[in-house]
Amino acid sequence: SYLTVQSLNFVAEKILMGSQMPFMREMINKDNGKLTLDSESIEMIMQRAPDWTRQMELTAYLLRDNHKFTSLLAVAEPSWINDPDSSNYGEDGRALKDAIEYESLTSDGSFGLLNLENLKIFALDGQHRVIGIRGIKELLDFGQIAYKDKLGNAKKDEFEKREYLIEKLDTRSSAFSKILDETISIEFIPAILQGETRDQARIRLRNYFVDINKNAKKIQKGDEASLDETDGYKIVGRHVGFKHPIFVTDTVNRINRTDQSIVKTSNYIATGFSLTVIAENYLKKSDKDRDNSWKPLFKNIMVRPSEEELERAKKELTEFFD
């Protein structure tokens, strides 16, 4: 594989969904040499197709001042890979060259030039990051972004204007116009390697695909409560709860900060997650204006409250625990 750095604009314009990859959906019928649909592949790939209803929140995340998308894993596929009669296959059906042409610029081959001309590029991991980036381009090109259904079809007359999102997310207009100039690392995997048959290459990519999605582990709620720096209720809950003498003294810690359970034989009387729930339940009822300004703009997209708001809420929750 090859690790590169590309602009978000490159991602928006060049990278397709992994679920669109013909190579992962089809196989060659050994009897007649023609491409046929593989029902097993189709089912697996379509289960991992991106949920376009998430585009709005992912685009809003990119509009926040503090944002960062992790690397994409992409497959580069040449057109000849789907042609069994291509001159790039030997008589034994094995590829005579890699899908990606690479020119080394160093003696050890560790640094060089990739030729991405005439290749289709598909996101094997990071499809939702791609649709979030496409949302930014949609805002730049059309001044608004449409709400989509799960398949990516725009809903009629349901959209958010660029100015509304910039205002709500406290984004500087100058920063917004430069988001697509930001960079992201992309690891390119050749769809086929020299010496592979088409079926061997397909099995290799499917193994990558399954392993990535099978082994991905979501952050636990206890860890999220301890680390979140955007959700006002989580910030206040841990800042007050983790220091209040009901729960923590010089000799005793009564908070399970990682799990959501409390073992009978432990000294725990609360969890880090439960403290954030207490903070939210109490603070949102004590100040309706706070609840309106602190609630998510979209499902998982929040804006960190001002330090003055946080300090006021910390004082209220401290008095409650007192």
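Asp157 is exposed in this predicted model, with a relative accessibility of 65%. The residue lies in strand S10, which runs over residues 154-161, and its phi is near 60°, a positive value for a residue that is not glycine. The chain around Asp157 has 322 residues, of which 42% count as buried, and it contains 13 helices and 13 strands.

**Overall character of the chain**

- The protein chain exposes about 18200 Å², and carbon and sulfur atoms supply 48% of that area.
- Among contacts between residues at least 6 apart in sequence, 68% join residues at least 24 apart.

**Positive phi values**

- Most residues other than glycine have a negative phi.
- Asp157 departs from that pattern with its phi near 60°, and its 65% relative accessibility places it among exposed residues because the cut-off for that class is over 50%.
- Asp170 also has a positive phi, near 55°.
- Asp170 occupies the loop that connects helix H6 (162-168) with helix H7 (173-176), and it is exposed, its relative accessible area being 57%.
- Gly143, which comes just after H5, takes a positive phi of about 80°.

**Helix H5 and its packing against H4**

- Helix H5 covers residues 127-142; its 16 residues reach 22 Å from the first C-alpha to the last, close to the 22 Å expected at 1.5 Å a residue.
- The buried residues of H5 include the hydrophobic Val130, Ile131, Ile133, Ile136 and Leu139.
- Charged residues are also on the buried list of H5, among them Arg129, Lys137 and Glu138.
- Gly132 and Gly135 of H5 are buried as well.
- H4 and H5 pack at an angle of about 70°, with their axes 8 Å apart; H4 is therefore roughly perpendicular to H5, since angles of 65 to 115 degrees fall in that class.
- On the H4 side, the contact is made by Gln55, Leu58, Thr59, Leu62 and Leu63.
- On the H5 side, the contributing residues are His128, Ile131, Gly132, Ile133, Arg134, Gly135, Ile136, Glu138 and Leu139.

**Gln55 at the H4–H5 contact**

- Gln55 belongs to helix H4, which spans residues 55-63.
- At 1% relative accessibility, Gln55 counts as buried, because the limit for that class is under 20%.
- Leaving aside residues up to four places away in sequence, Gln55 touches Ile131, Arg134, Gly135 and Glu138, together with Ile145, Ala146 and Lys148.
- Of these partners, Ile131, Arg134, Gly135 and Glu138 also appear on the H5 side of the contact with H4.

**Helix H11**

- Helix H11 covers residues 272-286; its 15 residues should span 21 Å at 1.5 Å a residue, and its end C-alpha atoms are 21 Å apart, in agreement with that expectation.
- Gly272, Leu275, Thr276, Ala279 and Leu283 are buried in H11.
- These buried residues cover an arc of only 95° around the axis, so they lie on the same side of H11.
- The cover over the buried residues of H11 includes the helices H9 (221-227), H10 (232-241), H12 (288-294) and H13 (307-321).
- Strands S12 (255-256) and S13 (270-271) are also included in that cover.
- Glu280 lies in H11 and is partly exposed, with a relative accessible area of 29%.
- The C-alpha atoms of Glu280 and Val236 are separated by 8.9 Å, although the two residues are 44 apart along the chain.

**Helix H13 and its crossing with H11**

- H13 has 15 residues and reaches 21 Å between its first and last C-alpha atoms, close to the 21 Å expected at 1.5 Å a residue.
- The buried residues in H13 are Leu310, Ala313, Lys314, Glu316, Leu317 and Phe321.
- Their arc of only 165° around the axis puts them on the same side of H13.
- On the other side of H13, Glu308 and Lys315 are exposed.
- The buried residues of H13 are covered by elements including H10, H11 and H12.
- The axes of H11 and H13 come within 10 Å and cross at roughly 105°, which means that H11 is roughly perpendicular to H13.
- From H11, this contact involves Leu275, Ile278, Ala279, Tyr282, Leu283 and Ser286.
- From H13, it involves Ala313, Glu316, Leu317, Phe320 and Phe321.

Technical notes: Residues are numbered from 1 along each chain as its sequence is written. This is a predicted model: local features need pLDDT of at least 70, side-chain atom pairs count only at pLDDT 80 or more; totals for chains, interfaces and linings use all residues. Side-chain values use heavy atoms; hydrogens and water are left out. Helices (H or I, at least four residues) and strands (E, at least two) are DSSP runs, numbered from the N terminus. Buried means under 20% relative accessible area, exposed over 50%, partly exposed in between (1.4 Å probe, protein chains only). Contact means heavy atoms within 4.5 Å. Accessible areas come from the Shrake-Rupley method with a 1.4 Å probe; for residues, only the protein chains shown count as cover. The expected span of a helix is 1.5 Å times one less than its number of residues. The arc is that of the directions from the helix axis to the C-beta atoms. Axes are lines fitted to C-alpha atoms, for helices over the stretch in contact, and angles run from 0 to 180 degrees between N-to-C directions. Angles under 35 degrees count as roughly parallel, over 145 as roughly antiparallel, 65 to 115 as roughly perpendicular and the rest as oblique.
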